[in-house]
Amino acid sequence: MEESFKYDIALSLVPGIGPVVAKKLITAIGSAEGVFKEKPATLKKVPGIGEVLVSRINAGELLPQAEKEMNFIARNKIKPYFYFNDDYPERLKMCQDAPIMFYFRGNADLNAQKIISIVGTRRATQYGKDLCQSLISDLARCGFNILVVSGLAYGIDVCSHRASLKNGFQTVGVLGHGLDNIYPKDHAAVARKMISQGGLLTEFPSNSKIDPKNFVRRNRIIAGLADATIVIESAIKGGSLITASQALSYSREVFAFPGRCGDSFSAGCNKLIKTNRAALIESAADLIYNMGWDQPETTVPHVEPVLFEVPDAEEQKLYDVIRKAEEIQIGDIAQQSELSMNRISALLLSMEMKNYIESLPGRVYRIRKV
């Protein structure tokens with residue numbers, strides 16, 4: 001590891017210097033090493049830096065702490081990411097409050113072509129878990145290569161990690177503590193699997209205390225790493241809504257699955273949708289359409305749309321409805337087929353991936369022309 005990382009890490013450890021001020025210091029002085037070697041009078045000229053912060057920088061305690069952290073990093077095969085280095089994730093770098101330093105253990109590509117964040121309540125219902133699992137399994141079945149980010153918490157977070165592992169997606173957990181710990185302990189086994197199929201990421205050094213405010217702070221990283229944040233079950237207040245707000249502030253897409261009126265664990269999602277802060281989705285097909293992921297990354301062989309090699313009764317039923325109408329909106333398909341909207345969305349996605357049908361703007365479908 002380069003010696004310069006000692007100063008990079010030390011700067012991130014200065015009490016009272018957050019990401020924004022740290023970046024101002026680097027921009028003004030030129031490097032983290034320069035900050036620790038610069039004269040106090042020069043440091044005080046940097047906006048946001050006063051007598052107290054200068055005294056903390058020059059206290060002499062931070063560089064030894066940083067050396068200990070470097071030893072911990074080396075022993076545990078952890079990669080440090082410094083904001084001003086070229087390998088810092090591009091999406092996160094565009095966020096004003098992105099961490100000046102974070103640590104990563106795993107093998108995921110943090111600049112993957114498609115990255116989504118999935119968040120939700122810690123007290124997920126079976127409805128929420130089913131939505132989460134179906135979303136990920138349907139995306140995988142369509143041939144997409146997606147990195148899934150969440151927070152390794154109870155409920156929707158860990159459900160998204162487990163579903164990603166099961167379906168072959170890489171998945172990254174953003175932690176609210178150092179990499180010397182896993183919280184909650186119940187998720188240690190999942191975390192170990194994620195290291196070899198994704199990874200664990202944190203801005204906190206080892207020996208950091210388990211502090212509730214750190215879990216709120218890490219939500220901005222969950223939002224900043226991804227192209228889109230998807231909320232699956234959320235109360236009217238909670239960390240999921242904070243993550244959604246962060247994503248909106250970064251001009252990222254936000255989606256939410258709706259729930260029943262009066263259901264406390266869907267109140268947050270319904271509010272996001274009602275206030276136009278999130279787009280309503282009911283399936284993977286909706287996400288694919290809204291994100292413009294029209295073609296999967298794997299090649300789907302051409303199939304003649306007029307015959308099914310292995311007929312499926314429900315797919316055949318929808319096929320006949322669409323063929324008779326030539327072009328038809330999904331609501332009319334539901335009315336004529338008498339199937340549930342969730343089931344229809346899944347079937348239409350399957351049929352589209354098989355090249356039987358094609359979708360048009362406004363969730364209109366027609367038989368794919370040969």
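**Close-up views of the predicted model**

**Figure 1. The largest pocket encloses about 560 Å³ of space in this predicted model.** Its lining comprises 27 residues, of which S12, L13, F204, P205 and R217 are the closest to the centre of the pocket. At least two lining residues come from each of helix 6 (62–75) and helix 11 (212–217). Helix 11 makes the greatest contribution to this lining, with 3 residues. Sorted by class, the residues lining the largest pocket are 12 nonpolar, 8 polar and 7 charged.

**Figure 2. An open sheet of 9 strands has mixed pairing.** The strand order is 1-2-6-5-4-3-7-8-9. Strand 1 (79–82) and strand 9 (279–280) are the edge strands; each has a single partner strand, so one side of each lacks a neighbour in the sheet.

**Figure 3. Strand 7 and strand 8 form a parallel pair.** The pairing of strand 7 (residues 228–232) with strand 8 (residues 253–256) extends over 4 bridges. Within strand 8, A256 lies opposite V231.

**Figure 4. Helix 10 and helix 14 pack on the sheet.** Helix 10 (residues 188–196) touches strand 2 (101–106), strand 5 (171–174) and strand 6 (198–202), and its direction makes about 110° with that of strand 6. Helix 14 (residues 267–274) touches strand 7, strand 8 and strand 9, and the direction of helix 14 makes about 130° with that of strand 7.

**Figure 5. D138 is a buried residue of helix 8.** Helix 8 spans residues 126–141. The relative accessible area of D138 is 14%, and the residue therefore counts as buried, the cut-off being under 20%. Apart from neighbours within four places in sequence, D138 is in contact with A284 and L349.

Key. Residues numbered from 1 in each chain as written. Predicted model: local features only at pLDDT ≥ 70, side-chain atom pairs only at ≥ 80, totals over all residues. Heavy atoms only, no water. Buried < 20%, exposed > 50% of the residue type's maximum accessible area, 1.4 Å probe, protein only. Contact = heavy atoms within 4.5 Å. 1 Å grid on protein atoms, 1.4 Å probe; cavity = no way out; pocket = protein on both sides within 12 Å on 5 of 7 lines; lining within 4 Å. Points joined across faces, edges and corners; volume = space filled by probe spheres on them. Nonpolar A, V, L, I, M, F, W, Y, C, P; charged D, E, K, R; others polar. Pairing = 2+ DSSP bridges. Axes fitted to C-alpha atoms, helices over the stretch in contact; angles between N-to-C directions.
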